[in-house]
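Here is a short report on one protein model. Keep the sequence and the 3D view open as you read.

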Amino acid sequence: MRRKLVVGNWKMYGNLARNKALLEGVLSGVRELRNADYGVCVPYPYLAQAQSMLQGSNIAWGAQNVSQNEQGAFTGAVAAGMLVDFDCRYVIIGHSERRALFHESNDIAATKFDTAIKAGLTPIFCVGETLAERESGVTEQVVARQLEVILNHVGAQAVAKSVIAYEPVWAIGTGKTATPEQAQAVHAFIRQRVSQLDAVVAQDLRILYGGSMKPGNAAELLAQPDIDGGLIGGASLVAEEFVAICRAAQ
Ligand code: PGA
């Protein structure tokens with residue numbers, strides 16, 4: 001039985017005062033919840049704040065990106081070892097905003113994935129098709145290509161230490177959610193691809209849905225057999241909404 005996982009992706013939002021209020025609200029709302037796992041991926045400057053407010057709680061924390069390099073002259077980049085220094089558990093890799101806005105290729109995402117695993121972090125590896133790709137019927141090919149880079153390069157044991165997030169690009173921040181059936185179909189496809197590598201790893205792998213998951217649609221999405229949690233953008237910035245999704249994952 002896979003335990004559900006709900007992770008907030010704050011993106012580039014927040015400040016010290018707002019984060020404090022948000023984390024206090026989330027902490028008090030999920031404190032009693034014991035049957036699922038929770039996390040928040042915050043902007044780098046707030047890792048220390050997340051660490052000091054969340055340590056000892058049932059909410060883990062992490063980052064939204066990491067460098068593929070261990071150290072060196074890479075101005076503006078942040079290494080996996082630095083995330084480990086702040087006790088991060090998670091790091092989001094290959095988010096569609098990184099791919100589209102920062103030109104991250106499948107290969108770069110795969111290298112980052114590998115770097116994160118080697119540092120002991122849990123990568124949340126994002127895959128998903130654009131609207132044009134869905135409309136032209138190539139969703140599975142696109143997702144397969146995005147997955148293949150990690151399946152082929154890092155192997156089953158590394159995949160076992162990761163989380164996959166299916167995030168249809170057309171559903172991110174748009175208020176348009178994939179229907180539970182649409183999401184389930186892609187989640188089942190992802191699990192089937194991973195099972196070609198290793199059936200046991202595929203069975204235990206957590207596959208999150210991301211893309212306008214809200215309190216109003218979370219329960220229905222999370223009830224699908226292959227949807228093991230959510231990666232939450234907008235709704236993770238409002239304590240009551242994030243807590244409501246966390247409750248739905250119970
Ligand atoms: P959204 O973002 O929930 O605001 O659609 C999800 C994500 O980008 O991870």
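How many bridges join strand 6 to strand 7, and do these strands run parallel or antiparallel? 4 bridges join strand 6 (residues 163-166) to strand 7 (residues 206-210), and the two run parallel. One of the bridge partners is R206 in strand 7, which pairs with V163. Two strands pair if DSSP finds at least two bridges between them. Strands are DSSP runs of E, at least two residues, and helices are runs of H or I, at least four residues; both are numbered from the N terminus.

This is a predicted model: local features need pLDDT of at least 70, side-chain atom pairs count only at pLDDT 80 or more, and totals for chains, interfaces and linings use all residues. Residues are numbered from 1 along each chain as its sequence is written, and side-chain values use heavy atoms, without hydrogens or water.

**The barrel.** 8 strands close into a barrel with parallel pairing, in the order 1-2-3-4-5-6-7-8.

**Helix 2.** This helix covers residues 47-54. Its buried residues (under 20% relative accessible area, 1.4 Å probe, protein chains only) are L47, Q49, A50, Q51 and L54. They pack against the elements below; contact means heavy atoms within 4.5 Å.

| Element | Residues |
|---|---|
| Helix 1 | residues 16-30 |
| Strand 2 | residues 36-41 |
| Strand 3 | residues 59-63 |
| Helix 3 | residues 80-85 |

After helix 2 comes G56, with a positive phi near 85 degrees.

**Rings.** Both F113 and F125 are buried. F113 lies in helix 5 (residues 106-118) and F125 in strand 5 (residues 122-127), so their aromatic pair ties together parts 12 residues apart in sequence.

Methods: Buried means under 20% relative accessible area, exposed over 50%, partly exposed in between (1.4 Å probe, protein chains only).
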